Amino acid sequence: MTSTATSARRHDREILALALPAFGALVAEPLFLMADSAIVGHLGTPQLAGLGVAAALLQTAVHVFVFLAYATTAAVARRVGAGDLPAAIRQGMDGIWLALLLGAAVVAVVLPAAPALVDVSGASATAAPHAVTYLRISALGIPAMLVVLAATGVLRGLQDTRTPLYVAIGGFSGNLVLNVVFVYGLGFGVAGSAWGTVLAQCAMAAAYLVVVVKGARRHGASLRPDAAGIRACAQAGAPLLVRTLSLRAVMLIATAVAARLGDADVAAHQITLTVWSLLAFALDAIAIAGQAIIGRYLGAGDEAGARAAWRRMVQWGIASGAVLGLAVLAARPLLMPLFTSDQDVHARLWAVLLVVAVTQPVAGVVFVLDGVLMGAGDGPYLAGAMLVTLAVFAPVALLVPRMGGGLAALWWTVAGLMMSLRLVTLWLRARSGRWVVTGAVRA
């Protein structure tokens, strides 16, 4: 067996060991939304449309801070590679404290601003009340959601993706049961769906805190907040915040355009976005493995290992995207009646899910490269590349209704144009090798 084949097998084992459990944990959030969409969808199209708008806003409020997971994973993994576990966990604790502070601030903004945010998102008069109800209640769970992000990053950096899997399974199961009981059993409607998700998220955050605190005590890491450490964590995550804000702006623009096409369009858009999120998180499992592996290699000073790993991960991204695309094509007849019986929504979904399916191989490479560069701590480049993508995407998407395009045309701008632009910018960076910076801390 050649050394190249041996290296590939070693990387395959590493990727699988981290990616398979990470997949289960990553799909928890889209599964939350899928459960909510499936349950709320049978209440009526206005309720589902309202959920679509509120969910997009809620995801934005949480995912702009996804650096709490991504930056923490890379930083902790570097420390692990350098053999300094106490410093790794201490850095993770700083991220958790930052998550609590940010969560409190976001809740303080979202609660009073919910009606205005829904209005700006373009919700119709029939969908807006449901959107406001769902958004206000779900906002109460934002601090817990951010703690989950930060604590997950700590465990990923420690090369542990199994614990997040177990917590995610418990969280999804609890969310599903609570939603059914609150929406159908108690008749709480959209509000019941929101409360079920909030309680599930709080339970997940508590479980993560128990695990991380035990690890901190075992390795002698302080649990107290450290102002300098929290500030350094925020500064390191700032470029990823810009990158994520730009990405969320893309999805908000798409949702706003869909909302102006009509309730059936925004309902179909919400279902498509839910499926897209599930696929994205599935592909991101390899990217999460990439963050942990690349960070560890660079922390240990192994440039050759880092370069070999990213090439192998790209191959995994292509193959996984192709498989997921075929799965969407096969599942289209089953997905549509699962969410709604509205035939107008079905008609739009048929074409849009085809767009999602054929673009999955491109998405696979994009998510992998994103993870590799995050694992290397290459946040400034990621921020700049995403700003360029947003600048090109926004005017094209806004022109879709004016040019007479429908929901399928809108999704060609999302899954086709936007993802292709990201592929080009990320590939150029990965091939350049400028992201390869070794050491326990990226200089």
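## A walk through the helices and their salt bridges

Let's start in the middle of things: Asp370 and Arg422 join their side chains in a salt bridge, with N and O 2.9 Å apart. This pair links distant parts of the chain, since Asp370 sits in helix α14 (residues 360–375) while Arg422 belongs to helix α16 (residues 407–432), 52 residues apart. Keep in mind as you look around that this is a predicted model. Are these two partners buried or exposed? Asp370 is buried, with a relative accessible area of 4%, and Arg422 is buried too, with a relative accessible area of 4%. The pair also has company: Arg243, Asp370 and Arg422 are linked in a network of salt bridges. How many salt bridges does the count give? It comes to 7 salt bridges, and two others are worth a stop.

One of them pairs Arg296 with Glu14, and here the closest N and O atoms are 2.5 Å apart. Arg296 is part of helix α11 (residues 263–299) and Glu14 is part of helix α1 (residues 3–26), so this contact ties together parts that are 282 residues apart in sequence. If you check accessibility, Glu14 counts as buried at 19%, because the cut-off for buried is under 20% relative accessible area. Arg296, at 21%, counts as partly exposed.

Stay on helix α11 and look for Asp265. Its side chain meets that of Arg348 in a salt bridge, at 2.9 Å from N to O. Asp265 lies in α11 and Arg348 in helix α13 (residues 343–358), so here the pair ties together parts that are 83 residues apart in sequence. Asp265 is buried, with a relative accessibility of 8%, whereas Arg348 is partly exposed at 28%.

Now for the packing of α11. Helix α10 (residues 227–261) packs with α11 at an angle of about 150 degrees, and their axes are 7 Å apart. That makes α10 roughly antiparallel to α11. Which residues make the contact? From α10 come Met251, Ala254, Thr255, Ala258, Ala259 and Leu261, and from α11 come Asp265, Val266, His269, Leu273 and Trp276. Sorted by type, the residues of this contact divide into 8 nonpolar, 2 polar and 1 charged. Asp265 turns up again here, then: this α11 residue is in the contact with α10 and also has a salt bridge with Arg348.

Next, move to helix α7 (residues 142–157). Its 16 residues reach 23 Å from the first C-alpha to the last, close to the 22 Å expected at 1.5 Å a residue. Of those 16 residues, 15 are buried, so α7 is largely enclosed by the rest of the structure. What happens just after α7? There, Gln159 takes a positive phi of about 70 degrees, although Gln159 is not a glycine. Gln159 is found in the loop between α7 and α8 (162–185), where this residue is partly exposed with a relative accessible area of 23%.

Helix α5 offers another view. Ala105 has its place in this helix and counts as partly exposed at 44% relative accessibility. The C-alpha atoms of Ala105 and Pro143 are separated by 9.0 Å, with their positions 38 residues apart along the chain. Asp84 is in the loop between α4 (67–81) and α5 (85–120), and is partly exposed with a relative accessible area of 31%. For a sense of scale, try Asp84 and Phe339: they are 255 residues apart along the chain, and their C-alpha atoms are separated by 48 Å.

Finish at Gly50, in helix α3 (residues 45–63). Gly50 is buried, with a relative accessible area of 0%. Which residues is Gly50 in contact with, leaving aside its neighbours within four places in sequence? They are Ala127, His130 and Ala131. Measuring across the model from C-alpha to C-alpha, Gly50 and Leu382 are 32 Å apart in space and 332 residues apart in sequence.

Key
Residues are numbered from 1 along each chain as its sequence is written. This is a predicted model: local features need pLDDT of at least 70, side-chain atom pairs count only at pLDDT 80 or more; totals for chains, interfaces and linings use all residues. Side-chain values use heavy atoms; hydrogens and water are left out. A salt bridge is a side-chain nitrogen of Lys or Arg within 4 Å of a carboxyl oxygen of Asp or Glu. Helices (H or I, at least four residues) and strands (E, at least two) are DSSP runs, numbered from the N terminus. Buried means under 20% relative accessible area, exposed over 50%, partly exposed in between (1.4 Å probe, protein chains only). Axes are lines fitted to C-alpha atoms, for helices over the stretch in contact, and angles run from 0 to 180 degrees between N-to-C directions. Angles under 35 degrees count as roughly parallel, over 145 as roughly antiparallel, 65 to 115 as roughly perpendicular and the rest as oblique. Contact means heavy atoms within 4.5 Å. Ala, Val, Leu, Ile, Met, Phe, Trp, Tyr, Cys and Pro count as nonpolar, Asp, Glu, Lys and Arg as charged, and the others, Gly among them, as polar. The expected span of a helix is 1.5 Å times one less than its number of residues.
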